[in-house]
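Q: Please take a close look at the salt bridges in this structure, and explain step by step how buried or exposed their partners are.

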Amino acid sequence: MNIVILAAGQGKRMQSNLPKVLHPVAGRPMLMHVLEAVRPLAPQRIIVVVGHGSNAVMQACADQPNLAFAQQHQQLGTGHALQQAMPMVDDKGITLMLYGDVPFIRTETLRTLLVATGANGFGLLTVNLPDPSGYGRIIRNANGQVQRIVEQKDATAQERTITEVNTGILAAPTVHLKRWLAQLKNDNAQGEYYATDLIAMAASEGMPIHTVHPAAPWETEGINDKIQLAAVERAYQRSQARILMEQGVTLLDPNRFDLRGTLHCGKDVSIDVNCVFEGEVALANGVSIGANCLIKDAQIGAGTKIEAFTHMENVRIGANAKIGPYARLRPGTVLSDETHIGNFVELKNTHMGRGSKANHLAYLGDAQVGAAVNYGAGSITANYDGANKHRTVIEDNVQVGSNCVLVAPVTIAQGATIGAGSTISKPVPAGGLTIARAKQSTLAGWVRPAKLKK
Ligand code: UD1
Ligand code: CA
């Protein structure tokens with residue numbers, strides 16, 4: 001089986017410089033979703049027809065294995081686009097055609113279509129829509145057999161009332177497709193070569209058209225403008241939310257939940273409103289996520305609480321930790337069990353040992369922090385000298401007072417206490433109290449200046 005994905009159109013109605021198939025849905029270009037859906041079908045070849053913005057589209061596919069591109073220099077219609085790919089497909093077997101702007105087609109639906117198509121049949125994926133406007137309508141004869149497809153712009157008022165529409169996805173023997181494509185004409189309202197005219201050709205040769213429906217209509221919704229983009233995005237998000245809820249995840253409002261990647265959840269996970277999950281995220285048993293968090297590529301251990309407005313990317317957090325509200329965990333943050341990171345605390349490339357705390361207004365960058373450390377409010381690691389980054393090592397049981405500057409590279413040995421307001425630029429020995437700030441003094445008998453009389 002060969003697969004052809006049409007992705008050459010400009011997508012005028014998107015009103016954008018970005019080629020339509022590169023507009024992201026659920027965090028990734030539409031075309032990537034289509035590719036993901038077809039991979040499990042193990043096709044011999046996948047051919048993407050590119051044209052408008054072809055360089056950008058090919059670049060976006062650069063890391064996709066086993067992909068070939070066919071150029072459609074002028075966008076003369078979907079039939080013309082399919083034709084451009086035909087020299088690259090094998091005459092043996094069937095060709096499955098998909099559109100790059102129908103991103104949420106499921107693998108299972110395609111499998112059903114392929115089974116219905118068989119080795120010699122014609123398979124067409126259609127769907128019933130309460131509002132069919134914009135789509136090609138399916139015309140059946142009195143026996144219910146599909147005769148042809150009529151595009152909205154070519155349809156009579158009567159035909160426009162038909163609610164069964166073309167999803168654009170079809171499968172047929174490659175030899176026949178090649179033969180029919182050579183006969184396509186563009187004598188229609190848009191002056192285009194329509195792939196949909198293939199159906200009438202097959203039917204006129206007495207070939208039965210087997211129709212299959214998707215499980216949910218949004219699966220086959222085409223995206224032509226920003227309104228459809230938003231609608232399809234939300235429908236997809238609701239379906240992801242539903243799957244998570246079926247698995248036992250508590251979503252305080254499934255309509256305000258966004259997953260742009262994959263989310264693995266243990267038991268009794270709770271997610272408050274307006275959270276966005278990106279990349280690969282794993283939440284262990286009993287994790288709770290407060291409102292308005294952005295969580296990207298993260299592993300969060302059992303019982304950990306992430307409070308509202310926390311932002312994290314590329315992090316690992318142990319069990320029973322408490323993070324936020326308003327914490328920012330940047331890439332390379334690794335937090336052990338029972339750590340506490342409070343409001344307006346930023347961490348980057350920092351490891352923190354068990355039970356350590358940085359509760360208020362602090363920065364730790366390129367730091368190795370031991371266990372049971374208390375890192376005071378307003379303290380920072382000065383890790384960047386303007387040219388290079390340097391490391392700070394804080395051993396177990398250290399207490400860093402408020403408003404300290406730790407000038408890296410520097411090591412603070414086990415059990416040390418740093419007095420508030422210290423600027424530490426030399427190694428700190430274990431155990432003692434280290435203070436590096438101007439001594440406090442009082443001038444007795446000092447008089448405040450008074451305003452001069454004019
Ligand atoms: C098409 C179908 C319509 C169907 C609908 C489903 C035709 C003639 N019409 O209409 O029956 O209900 O999809 O979503 O097929 N493309 C090219 N080259 C071209 C033209 C289009 O590669 O010359 C690509 C586009 O990039 C897009 C896809 O084909 O990915 C569909 O094209 P579009 O113009 O969006 O077709 P619709 O008007 O939506
Ligand atoms: Ca479309």
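A: A residue is called buried when its relative accessible area is under 20%, exposed when that area is over 50%, and partly exposed in between. The model is a predicted one, and with these cut-offs in hand we can go through its salt bridges pair by pair.

With a relative accessibility of 34%, E338 falls between the two cut-offs, and therefore counts as partly exposed. R354, whose relative accessible area is 45%, is partly exposed as well. These two residues form a salt bridge in which the closest N and O atoms are 3.1 Å apart. The pair links distant parts of the chain, since E338 sits in the loop between β22 (333-335) and β23 (340-348), while R354 sits in the loop between β24 (351-352) and β25 (357-365), 16 residues apart. Elsewhere, R260, E278, K296 and E313 are joined into one network by salt bridges that share partners.

In all, the structure holds 19 salt bridges. One of them is formed by K20 and D101, with 2.8 Å between the closest N and O atoms. K20 belongs to the loop between β1 (2-7) and β2 (24-25), and D101 to the loop between β6 (94-99) and α4 (107-117), so this pair ties together parts that are 81 residues apart in sequence. K20 has a relative accessibility of 10% and therefore counts as buried, and D101, at 12%, counts as buried too.

The pair R242 and E246 gives another picture, for their side chains meet in a salt bridge with an N to O distance of 3.3 Å. Both residues lie in helix α8 (residues 226-246), where they are four residues apart, about one turn of the helix. R242 counts as exposed because its relative accessibility is 54%, and E246 is exposed with a relative accessible area of 58%.

For a nonpolar residue to set beside these charged ones, consider I300, which lies in strand β17 (residues 294-300). Its relative accessibility is 4%, so I300 counts as buried. Leaving aside neighbours within four places in sequence, I300 is in contact with several residues, including A282, L283, V287, I306 and M312. I300 and A282 are 18 residues apart in sequence, yet their C-alpha atoms are 6.2 Å apart in space. In soluble globular proteins, nonpolar side chains tend to be buried together.

How values were computed:
Residues numbered from 1 in each chain as written. Chains lettered and ligands numbered in written order. Predicted model: local features only at pLDDT ≥ 70, side-chain atom pairs only at ≥ 80, totals over all residues. Heavy atoms only, no water. Helix = DSSP H or I, 4+ residues; strand = E, 2+ residues; numbered from the N terminus. Buried < 20%, exposed > 50% of the residue type's maximum accessible area, 1.4 Å probe, protein only. Contact = heavy atoms within 4.5 Å. Salt bridge = Lys/Arg side-chain N within 4 Å of Asp/Glu carboxyl O.
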